[in-house]
Amino acid sequence: MCKGSGQCFFESRSCALHAQGGNDYTSYRGLSGPLLGNNAVNTLRYKLPVHRKVGHFDFNKLSSVDTKHYQHILAMVFAVKEINRNPRILPNITLGFHLYDSYYNAHKTFKAILDLLSSVHEHVPNYKCDVQNNLAAVIGGFGSKTSIYMATILKIYKTPQLSYGSVLSERNGKLLSSWYKMVPNDGHEYKGIVQLLVHFKWTWVGIFVVDDENGEMFLQTLIPLFSQNGICSAFINRIQKLAHFDEMMGLFLSKWNTFPALMESNVNVFVVNGAPPSMENLNWLLYLAVLTSPIGKVWIITAHWDFEAKTYQREWDIHHFHGAISLTIHSNQPAGFRAFLQSVNPSWAKTDSFITDFWEQAFDCLLKESNESEDLTPTCTGEEKLENLPGPLFEMSMTGHSYNIYNAVYAISHALHIIFESSSKLRLEPQDFKAWQLNRFLRSISFNNTLGDAVHFDENGELIEEFDVTNWVTFPNNSFVRVKVGTLDPHAPTGKELKIQDENLVWHEWFRQVPPVSVCNDNCHPGYRKRKKEGEPFCCYDCVPCPHGKISDKKDMEGCLKCPEDQYPNKAQNECFPKSIIFLTYEEPFGIIIVSFILSLSLTTMFVLITFIKNRDTPIVKANNQSLTYILLISLLLCFLCSFLFIGQPGRVTCLLRQTSFGIVFSVAVSSVLAKTITVVLAFMATKPGSRVRRWVGKRLANSIVISCSFIQAGLCTVWQISSPPFPYIDMKSLNDKMIVECNEGSATMFYCVLGYMGFLAIVTFTVAFFARKLPDSFNEAKYITFSMLVFCSVWVPFVPTYYSIKGKSMVAVEIFSILTSSAGLLGCIFSPKCYIIVMRPELNNRHHLIPRKYQ
């Protein structure tokens, strides 16, 4: 295993060989060569754009050495050494390995697999004469295509293959029984990216994706998730996986005009998917792009795109990526690993054919063995320290992929240990072991590694593991630190997969607002709703005010909402306020005025009643049915007092008594007036000689009229109360900002019947009084009754349309006004002339003045 795309092949050795003094079988010599992807040795001079300094590039330094991935090799070596020193795992068994480099090339990958499955130096499949070194498993590769190339041949032999890098998600549905993934399914990561965007409300993002099958699968998975979560892609930029310098220049020239425009757009969040060497190509675009000013973006980076750089890029600014966020493969730091890295030195070259190229490229020097006198490159001292290298070239902490390799070595070792322990009774010797026998144990393997992390696979052969949410903090010296700010657990309950500590995030200093905002246009503030722009993505929209009566209390609402019935929208239409409850109260000024009128009229009525009682023996009181006068005055007094039922908060009792009590009492009053009118007419007719009407004149007829007329009204009210009685009701719709507490009449028909019956009595009374108005002066009470009925009709006729055209307290006030006015009209028109005579002109209160001369 060399580059990120390399593979590691495990072999088991017998204890006899180890017991005879053999060291750990840890030769790193790759059968396909060192860590170089191409071996260009020509030196060219290249002039950069005029906006940059002129630089010279040595193509020896452009050879594609992935110095950062050298840690993968060291993680393998460290794990093997740990296991070989551990007496509790594979006692008397020594692990060894071979390392191969795929060069990102299918031909070289297939050749390496054939080398592995054949005898040394002989590519003859199914034939192997070397029985000392038995293949146990294969670890690799780093790239998706490399893993698939390897599986094409390894599946034939059912040789266990443990991939530690990206694997196409669609391939996971066609798993092989011998293929294991040391990383969680990429689909979980893509969903985590969407959850991250939703968490920060980023809806307008750009996508950088590698132009290959893996990139297309990424888009096919991510774009639907974007649509489901209200996220739009502003652009999709495909990055070619180019390994040669001339190809990179061609790429840059083709995107000379478009790339700076993407960087300077209003898109503040970039989602990046890729694998080496696409990161190198993106670095080229960022390095050579002509930008008007430094631009800060939030880079959301997938797990398999590490912060790496070629050695010739060591001085290139990585501050573009300051504050980037990535869902990295979970990693931990085994005890002793850092010390192991510190012990690495060029003297290992005898057993490690990769370290020379790594050392020279990483430290930009030449070892003495390869130094040439004409080369001005400084000579390596061998005392250089790995911890002094910038992060893009090498890291001292174990990366996620190195940790996967570390766990893969332990998984294979534990499976081998189970096999040899369970087969001891069968006397299975290591040289008799076959690689395919390992699958049954690997599939069900479950253990805790040296750091306590659980290692086990699911039913699809994928490692059950969570992702780390990592914040990348860069520094001016091109170093960086990984800050873990959260986790993504794909197996957590829905909605709780992502846990992130926002307060620990570091953002690019270019942003004035944190967390940054990335939307197509400004948010629609509360009080507005979104309206889609024609011909543009759904994330781009106009903001229009909410219609009357509706609100939006959040940003970017699709539609406006109606307030609950007991609330109303404020003027800004962004909040609902509780409606105030209104009813006519005693404390308010209008209520005080009404109460004053009620008391005044009630006292006036009592004064009249007392006056008539005190002067009951006088002719003017006796003249027109004394008992009817008392009934009328008492009923008028009760009419005035009934108005109190209309003031205050309506309750069940008050609603039942309001209309019925007034209807009955007022009917008594009107029927009393009718009885008095009929009495006047009959009294006049009875004065004619020989009139038979004389026998009808008297209290019996008057009382019968009052009782019968009142009984009919009482019957109507009883039917009303039984069939559909009035009840308290809160009207929430009539007024926008208030709730009206009122009495619902229950049955409008019965209400109109009661009111209509009173009108009928008034009309009959008015008609009789109108025809009796020209009777002699002594019986001329009919004149005053005519005027009183005229007042009554003028009040109650307009009452009905007015009553149903207004709401709230005004409606109650209108009814109280009608009751008081009509009652006061009866009181004033009928009794004010008599009171005037009794109080002001008592000398006129005698029989001589009341009876005209022609009747004396």
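I take helices as DSSP runs of H or I with at least four residues, numbered from the N terminus. Note to self: this is a predicted model.

**Helix 4**

I looked just past the end of helix 4 and found Lys 158 with a positive phi of about 55°. Then I went back over the helix: residues 144–157, 14 of them, reaching 20 Å from first C-alpha to last, close to the 20 Å expected. It isn't straight, though, as I get a bend of about 35° at Ala 151. Ala 151 is also among the buried residues of helix 4, along with Ser 144, Ile 148 and Leu 154.

**The sheet**

Next I traced an open sheet of 8 strands, order 7-6-8-9-10-13-14-15, mixed pairing. Strand 7 (232–239) and strand 15 (498–500) sit at the edges, each pairing on one side only. Neighbouring strands are turned by 30° on average, direction ignored.

I checked one pair inside it: strand 6 (204–210) and strand 8 (269–273) run parallel over 5 bridges, with Val 205 bridging to Val 269. Helix 5 (186–199) packs on the sheet, touching several strands, including 6, 8 and 15, and makes about 50° with the direction of strand 15. Helix 6 (213–228) packs on the sheet too, against strands 6, 7 and 8, at about 160° to strand 6.

**Gln 573**

Last stop was the loop between strand 20 (567–569) and strand 21 (576–578), where Gln 573 sits. I count Gln 573 as buried because its relative accessibility is 17%, under the 20% cut-off. Its side chain reaches the backbone oxygen of Lys 550 at 3.0 Å. Among the residues Gln 573 touches I also noted Gly 527, Cys 546 and His 548.

Conventions
Residues are numbered from 1 along each chain as its sequence is written. This is a predicted model: local features need pLDDT of at least 70, side-chain atom pairs count only at pLDDT 80 or more; totals for chains, interfaces and linings use all residues. Side-chain values use heavy atoms; hydrogens and water are left out. Helices (H or I, at least four residues) and strands (E, at least two) are DSSP runs, numbered from the N terminus. The expected span of a helix is 1.5 Å times one less than its number of residues. The bend at a residue is the angle between axes fitted to the seven residues ending there and the seven starting there. Buried means under 20% relative accessible area, exposed over 50%, partly exposed in between (1.4 Å probe, protein chains only). A polar contact is a pair of N or O atoms within 3.5 Å; within protein, one must be able to donate a hydrogen and the other to accept it, and residues adjacent in sequence count only if both atoms are side-chain atoms. Contact means heavy atoms within 4.5 Å. Two strands pair if DSSP finds at least two bridges between them. Axes are lines fitted to C-alpha atoms, for helices over the stretch in contact, and angles run from 0 to 180 degrees between N-to-C directions. Lists of a residue's contacts leave out its neighbours within four places in sequence.
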